[in-house]
Structures are given as structure tokens and as C-alpha cells.
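Biologist: Please take a close look at one part of this model, the places where charged side chains and aromatic rings meet. Then follow the rings outward from there.

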Amino acid sequence: MGDEKNSTGVATDIVVQFLRRLMPFRGVPIESLRELARGAMLAFYPDNEVILKQGVDEPHYLFLVERGAVRVYQDVAEAVPVLVDYRGEGSSFGVSQLVKSSKSPWTVQAAEDTFCYLLRKEAFVEFAQTNPLFLQNYFQAFSQELLGKAYSEWHFETLQAKADHGLYLHGATVGEMPLAPAEKIDESLPVHLAAAFMARHDLSLVLVCDHAGNVVGLFGDKHIRERVAAKRDDYDQPVRDFMDSPVFTISHKISCSDAISEMMRRNTQYLLVERESGIAGLVAQRDLSLFHTVSPFDLLGEIDAQMRVEDLHGISNRIPEVVASLLEVGAKANAIAGIISVLNEHLVGRILTLVVEEIGPPPVEFCWVVMGSEGREEQTFRTDQDNGLLYEDPGEDRRLMQSCLLYFRNLGNRVVDHLVKCGFPLCKGEFMASKSTWRKPYSVWSDYFDYWISASGDEDTLHAKIFFDFRSGIGNRTLADRLRNCVADKARRHPTFIRQLARDSLNIKPPLSFFRNFIVEGDGEHKDRLDLKMRGLVPIVDFARVLTLKHGLRTTNTANRLSSLAEAGHLPARLGGDILEAYELLMQVRLVNQMRLIGQGLEPHNFVDPAELSDLEKHTLKGAFGVISEMQSYMAKIRSSL
């Protein structure tokens with residue numbers, strides 16, 4: 001045990017001043033505090049050093065964290081140790097063991113370079129016996145400590161039980177799920193022989209392969225019932241005439257929550273899971289639905305089933321229920337944001353379909369495009385609208401030009417109005433398809449991007465930050481994809497534009513002072529709160545955008561951008577991994593905070609009160625903001641090299 005390791009004597013008055021700031025010691029007579037502090041020492045524990053070992057060490061001091069932080073672990077037989085608590089400056093440990101003269105029930109380890117005041121056991125026991133006010137103050141904290149220990153044991157058992165059944169999303173990948181077998185048949189096989197093969201092997205679904213052995217479809221019981229028997233088709237026809245195609249494939253390393261997002265995006269009930277050695281099996285929608293009390297698939301089906309646009313207005317209010325269910329099983333924030341984006345995309349798609357049914361078919365092909373957080377698939381709750389209409393050039397036909405102007409004005413206004421009624425506020429910057437500026441043919445959009453790339457004003461930079469994250473929404477996606485490829489090529493060839501974006505990305509500094517204290521808002525509605533979006537997420541989003549445009553990558557999602565940049569060697573792997581972890585953490589804290597506000601009947605926002613954060617959250621947030629500082633130093637070097 002490292003009670004006295006690297007320790008030194010310390011002045012009594014310094015310890016007394018420290019004690020008087022701590023809740024359990026407030027109101028205690030100064031002379032009693034002096035007696036307690038007399039003979040105290042200050043000990044140093046470097047990062048990761050074990051201070052107390054569970055079941056081995058019996059403390060001879062009360063430990064008070066003066067600076068730094070410690071992790072409190074519970075060792076579980078034949079399992080990974082469980083993090084019980086995280087204690088920062090002003091926290092204590094070893095109290096109950098001093099009173100009971102018992103060994104530590106936990107392992108305590110320095111989470112960073114840490115200094116602790118060590119108060120002598122004899123002095124503390126006498127102090128506790130002669131100061132009932134201290135015991136009264138400490139009772140609540142001590143009870144919470146015991147409750148926290150009991151909760152951590154229950155929490156570990158619950159998560160372990162879920163993990164044993166493949167039900168804990170946060171740590172589970174689809175490769176850890178019980179997968180359906182993936183037997184293959186040839187596409188030319190007659191239906192009756194395919195049915196016999198499935199019955200013989202007790203299969204409800206098989207993979208269909210072409211003559212070269214490539215998987216081209218899925219065929220199962222549903223196809224026999226709905227596409228063969230119900231239509232009284234010939235059972236001698238080949239399965240290729242009835243199968244579902246194409247088949248979408250994912251890696252076995254993908255998380256279950258990401259698999260849900262992919263299924264929703266692809267509108268499929270099955271995904272083919274691949275390992276390095278080949279096909280591992282099939283994961284089904286119904287298996288992933290077991291995770292949730294409120295399934296995202298159910299809500300998706302409800303959206304797609306609505307026949308009146310007015311019936312869609314209240315559905316978005318149910319998205320928080322889905323998110324709460326996902327958070328409960330540990331889904332990561334970026335995966336949840338992807339699921340929210342798919343739900344919103346289906347909502348917009350259904351609105352567009354119903355509005356087009358009302359006003360008639362469009363005069364030319366079009367695509368509803370989304371920008372900002374929606375374009376990056378990073379929406380949370382009540383995100384402002386950022387959208388536009390991109391349509392084919394009508395050419396020199398004046399009548400067609402006029403028809404396009406009238407039709408898309410009507411379409412844009414109606415859809416934006418319905419989105420407001422669905423709970424999506426109007427964009428304060430008016431970047432919406434209801435504004436004529438943002439519903440234009442392909443050639444005009446191309447000219448917009450040419451101008452933003454060549455210009456260098458602040459307004460142009462703002463437009464670039466919003467519109468360069470666009471992606472295709474609903475409609476003819478080829479139009480948006482063609483524009484995306486064109487924009488990526490143009491941006492890469494203009495280093496001055498990249499340099500301007502890089503300079504702008506360095507303007508927002510992470511909210512940490514020189515002494516690693518949080519810098520909060522000084523005034524306004526959110527005074528004394530921490531802005532997670534502007535101070536934390538925006539710098540990372542800006543960083544990923546700059547490097548993506550610099551290297552001509554097409555993806556818009558921030559997490560995917562960071563991963564792609566690291567995989568392509570455009571970003572050091574360690575730094576890329578650290579930035580991605582920081583981004584995930586900030587997204588998670590933001591999402592949980594917004595869910596808490598919604599649960600209280602309040603409008604969700606991006607501000608948190610540091611006083612309401614646990615020591616663990618404070619520590620990890622400080623680490624995330626430290627990564628942003630390192631990230632911006634890297635960006636400054638890139639900018640100077642352009």
C-alpha cells in the first residue's frame with residue numbers, strides 16, 4: 001500500500017483551509033479542524049499507480065484528493081474489474097475502513113498525476129467521535145457511497161447478463177450476435193427444389209448465388225407464401241424470379257446499433273455479415289428489435305404507413321422514446337444520431353410523397369438536399385431546418401422554366417410548412433427550400449459553389465460550412481451525387497479556399513483555462529453553463545470538413561470523415577482515434593443532457609452546468625477538450641503548409 005510513498009509534511013493551516021471548503025467539514029469548530037490536520041502529509045501518486053488494493057490494503061490514513069483524480073474499481077471474480085466511481089478534487093476515500101479497521105473493499109488507482117492529503121487514522125477517529133455535526137454531514141455522502149457500490153454491482157450484473165445474451169449494444173458487435181445460417185442455392189434452382197432444400201436443412205431463408213458464386217439475392221418462406229403461392233405462380237420457375245435483391249453486407253466488427261441504422265437506411269430486414277474468412281451468417285431485423293422497448297423499426301413502419309400528411313405531424317414527438325430505448329442499452333451517440341437521421345429522412349420522404357400526390361408530378365427530376373447537421377447525419381432533437389431543392393436544368397424552354405419556378409416554389413413552401421408542424425423549427429439563417437435562393441437548377445447550384453470557393457468573405461465561409469456538408473435526401477439522388485463529386489474536385493484544387501476554412505476553424509478555442517478549469521458562458525440565458533456544441537463539437541466538425549475537402553473525400557458524416565482520413569493516411573492514426581473518441585464523448589453528453597431536458601418538459605439545448613456533472617464526466621470532458629487543443633495545433637501546421 002502506498003500510504004506514505006512520495007509524501008511530505010504539510011502546514012496545518014493549509015490543510016485546514018482545504019477542509020473548510022468541503023461540505024462535511026463546514027461548520028466544524030476551527031480548533032477541531034486543527035487537531036485533525038495536525039501531522040497531515042501530502043502524498044503524490046503518478047498516473048495509473050494503485051493507491052489501495054482491494055482485499056489487501058488496510059488504510060492508516062483518510063485520503064483527501066487535493067489535486068487530480070482517482071478511479072475506484074471493484075474486482076469481480078473471473079471478470080473485468082468494474083468502475084465503481086471516479087473521484088476528483090475534494091473527494092475522499094478510506095473513511096469506512098478507518099472506522100471499522102478493515103481492508104479496502106475496492107482498488108483505488110490514480111487516474112492522472114494526483115496529490116492527496118493524508119490525515120492520521122487516530123486523529124480522524126477521535127475527530128469523528130467528538131464532532132456530531134461532521135457525522136451528520138457525512139452520513140448522506142457515506143450512504144450514497146454504499147448505495148453507489150450496491151448499484152455498481154447490480155449494474156455490472158445487468159450488463160453482464162445482457163452481454164451473455166448478446167443484448168448490450170454498446171459493447172456488442174453483430175459478430176457477437178447469434179447469426180442465422182447462410183446456406184447458398186443457385187439462382188436457376190426451381191422454387192419447389194429450393195423449398196425442399198430449405199425443409200431438409202430446417203432453413204427459413206437462403207442466399208441466392210449466380211453461376212460465378214456471387215451472392216445476388218435472398219429467398220425464403222415469405223417469398224414462397226407471398227410471391228409464389230398467393231399469386232399461384234409455377235413452382236418450376238427459378239428462384240431468381242422471386243428473390244429479394246440486392247443483398248447488403250456489413251462487417252462483423254460493426255456495432256449492433258450501427259447495424260440498425262444501416263438496416264433502416266437500406267430498408268431491409270436482413271444484412272449479410274462477413275468476416276475476413278468469408279460469410280459469417282445473417283443478422284435479422286427482428287433479432288435487433290429485441291433490444292428495445294420502443295423499436296426504431298416500428299416507428300419507421302408507422303411513418304411509411306401514413307396516408308395523410310397531417311397524420312405525420314405528431315410522429316416526430318415519439319423519437320425521444322426511441323432514443324431513450326437506445327441509450328438504455330448503451331448505443332453510441334453517433335449511431336443514435338444516424339438512426340434519428342434515418343427516421344427524419346423517412347418523415348421528410350413521406351411528406352414529399354404525399355405533397356407530390358396532392359400537387360401533381362414535377363416538370364423535371366429533382367432532389368431534396370439537406371445540409372448542416374442533417375447533411376452530416378448528426379441530428380439530435382429539434383434541429384433547425386437546413387434544406388434546399390436541386391432540380392434538372394430546364395434548358396432554354398421558357399415555358400418549362402416558368403413551370404419549374406412555380407412547381408418547386410409550391411413544393412418547397414408546403415414541405416417546409418409541414419416540417420415546422422412536425423417540430424422542426426425554421427432556420428434562423430433562412431437556409432430552406434421555402435426561399436427562392438435555395439431551390440435552383442443544377443447549373444445555379446454549381447455556380448454557387450464556384451463562388452463560395454473563389455470568394456473569401458466571412459459570409460462565404462459561413463455558406464461553405466453549411467452547404468459543403470450537403471447530401472442527397474429524397475428524390476433523384478444522382479443529381480446530388482454528381483454535384484458532390486464536382487464540388488469535391490473543385491475544392492481540392494483551391495488551396496486558398498482550404499486555407500481560409502482552416503483559419504476559421506481555429507477561431508473557436510476549447511473551454512479550458514490555463515489551470516484546466518472550464519470556461520463557461522459569461523452572460524445571457526445560459527450564463528455559467530458550458531456550450532458543448534460551439535466549444536466542443538463545432539471545432540471537430542470544422543476540422544474534419546477541412547481535411548475532407550483538402551483531400552477530395554466525398555463523405556459528410558464527421559465520424560466517417562475522421563475514420564476515412566486516418567485510414568487513408570491523411571491523419572495520424574493516434575490523433576485520429578483520440579479525436580473520434582472526444583467527438584463521441586461530447587455527442588454522448590450532449591444527447592443525454594437533451595434527453596434529461598425533454599424528460600423535464602423543457603426545450604432541449606446544448607448547454608450543461610459543470611456543477612451538475614459527475615467527477616467522471618468532468619474529467620473525461622477535460623480530456624476531450626485537451627484533444628481539441630492538440631487537434632487545432634495540428635490544423636495550424638496544415639494551414640501554414642498550404
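Modeller: Start with K622, which lies over the face of F518. The distance to the ring centre is 5.5 Å. This is a predicted model, and every value here is computed from it. A second charge sits over a ring at F470. There the charged end belongs to R484, 4.3 Å from the ring centre.

F470 leads into a cluster. Ring pairs link it with F431, W438, W445, Y448, F449, W452, F467, F468 and F497. Across the whole structure, a search finds 23 aromatic pairs. One of them joins F468 and F497. Their centres are 5.2 Å apart. The planes make 35°, and the pair is tilted: stacked would need under 30 degrees, edge-to-face over 60. This pair links distant parts of the chain, 29 residues apart. F468 is in the loop between α16 (458–467) and β19 (471–475). F497 belongs to helix α18, residues 495–505. Both F468 and F497 are buried.

For another arginine, turn to R87. R87 is found in strand β6, residues 82–87. Its relative accessible area is 6%, so R87 counts as buried, the cut-off being under 20%. A polar atom of the R87 side chain lies 2.9 Å from the backbone oxygen of S92.

How values were computed. Residues are numbered from 1 along each chain as its sequence is written. This is a predicted model: local features need pLDDT of at least 70, side-chain atom pairs count only at pLDDT 80 or more; totals for chains, interfaces and linings use all residues. Side-chain values use heavy atoms; hydrogens and water are left out. Helices (H or I, at least four residues) and strands (E, at least two) are DSSP runs, numbered from the N terminus. Buried means under 20% relative accessible area, exposed over 50%, partly exposed in between (1.4 Å probe, protein chains only). A polar contact is a pair of N or O atoms within 3.5 Å; within protein, one must be able to donate a hydrogen and the other to accept it, and residues adjacent in sequence count only if both atoms are side-chain atoms. Rings of Phe, Tyr and Trp (its six-membered ring) pair if their centres lie within 6.5 Å; planes under 30 degrees apart count as stacked, over 60 as edge-to-face and the rest as tilted. A charge sits over a ring if NZ of Lys or CZ of Arg is within 6 Å of the ring centre and within 35 degrees of the ring normal.
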